[in-house]
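Please open the model in a viewer and keep the sequence panel in sight. The tour below proceeds by selection, and each stop states what is to be found there.

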Amino acid sequence: MTSAFVTRDGSNWMPQYLTAIDDTTCIGCGRCFKVCSREVMHLYGVDDAGEILGPCNDEDDDFDGELNRMIMVVDHAGRCVGCGACARVCPKNCQTHVAADKVAA
């Protein structure tokens with residue numbers, strides 16, 4: 001299959017866009033966030049019941065004692081360029097990526 005996407009040397013390449021992160025598997029390590037230059041995902045707090053509390057803006061944010069753990073959430077999927085750096089550093093393989101030719105327009 002010929003790709004409409006090519007690298008600088010003319011090699012075929014298919015972007016893999018980040019579409020979701022499994023919140024039951026994610027450990028909130030932040031590795032994916034650190035390698036993403038586009039700020040596609042952010043760290044969010046989760047309470048004991050598994051409800052997402054909101055974005056964690058600083059390390060001292062404990063949501064009035066409700067914080068149980070942290071996870072990464074895809075909150076700006078449209079910013080993803082499909083480079084796959086986040087998938088390469090994720091220790092839990094909890095991300096879902098979709099090939100550019102499979103994304104609905």
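**First stop: the β2–β3 pairing**

Select β2 together with strand β3 (residues 52–55): the two pair in the antiparallel sense over three bridges. Strands here are DSSP runs of E of at least two residues, helices are runs of H or I of at least four residues, and both are numbered from the N terminus; two strands pair if DSSP finds at least two bridges between them. The model is a predicted one, in which local features need pLDDT of at least 70 and side-chain atom pairs count only at pLDDT 80 or more, while totals for chains, interfaces and linings use all residues. Residues are numbered from 1 along each chain as its sequence is written, and side-chain values use heavy atoms, with hydrogens and water left out.

Within this pairing, V46 stands opposite I52 of β3, and G45 stands opposite G54 of β3. Next select the turn: β2 and β3 form a hairpin with five residues between them, and G50 in that turn has a positive phi of about 90 degrees.

Remain on β3 and select L53, which lies in this strand. Is L53 buried or exposed, or partly exposed? At 29% relative accessibility, L53 counts as partly exposed; the scale calls a residue buried under 20% relative accessible area, exposed over 50%, and partly exposed in between (1.4 Å probe, protein chains only). Leaving aside residues up to four places away in sequence, L53 touches G45, V46, D47, F63, E66 and L67, where contact means heavy atoms within 4.5 Å. For a distance label, join the C-alpha atoms of L53 and A85: these residues are 32 apart along the chain, and the atoms are separated by 27 Å.

**Second stop: β2 against β4**

Now add β4 (69–74) to the selection. How many bridges join β2 to β4? Six bridges join them, and the two strands run antiparallel. One pair to display is Y44 with its bridge partner I71 in β4. Colouring by accessibility shows β2 mostly covered, with five of its six residues buried.

From I71, draw a line to D22, in the loop between β1 and α1 (31–35). D22 and I71 are 49 residues apart in sequence and 9.0 Å apart in space, C-alpha to C-alpha. D22 is partly exposed, with a relative accessible area of 34%.

**Third stop: the nonpolar core**

A nonpolar core is a set of buried Ala, Val, Leu, Ile, Met, Phe, Trp, Tyr and Cys residues joined through side-chain atoms within 4.5 Å. The largest one has 17 residues, and those with the most contacts inside it are L18, I21, C26, V40, M41 and M72. β1 (16–21), β2 (41–46) and β4 (69–74) each supply at least two of its residues; β4 gives the most, with four residues.

Select V40 and show its neighbours. Not counting residues up to four places away in sequence, V40 touches L18, V73, V74, D75, H76, A77, R79 and C80.

**Fourth stop: the cavity**

A cavity is a set of points, on a 1 Å grid over the protein atoms alone, where a 1.4 Å probe fits but cannot get out; lining residues have an atom within 4 Å of a point. Grid points are joined across faces, edges and corners, and a volume is the space filled by probe spheres set on the points. The count comes to one cavity of 30 Å³ or more, and the largest cavity has a volume of about 80 Å³. Of the 14 residues that line the largest cavity, C26, C29, C32, C90 and C94 are the closest to its centre.

**Fifth stop: two loop residues with positive phi**

Most residues other than glycine have a negative phi. Select D64 in the loop between β3 and β4: its phi is positive, about 55 degrees, although D64 is not a glycine. D64 is exposed, with a relative accessible area of 76%. Then select N93, in the loop between α2 (85–89) and β5 (95–99). N93 also has a positive phi, about 50 degrees, and is not a glycine. N93 counts as exposed at 67% relative accessibility.

**Last stop: the whole chain**

Zoom out to the two helices and five strands of the protein chain, which follow the pattern β-α-β-β-β-α-β along the sequence. The C-alpha trace spans about 55 × 25 × 20 Å along its principal axes. Buried residues make up 31% of the 105 residues.

Conventions:
On a 1 Å grid over the protein atoms alone, a cavity is a set of points where a 1.4 Å probe fits but cannot get out, and a pocket is an open set with protein on both sides within 12 Å along at least five of seven lines; lining residues have an atom within 4 Å of a point.
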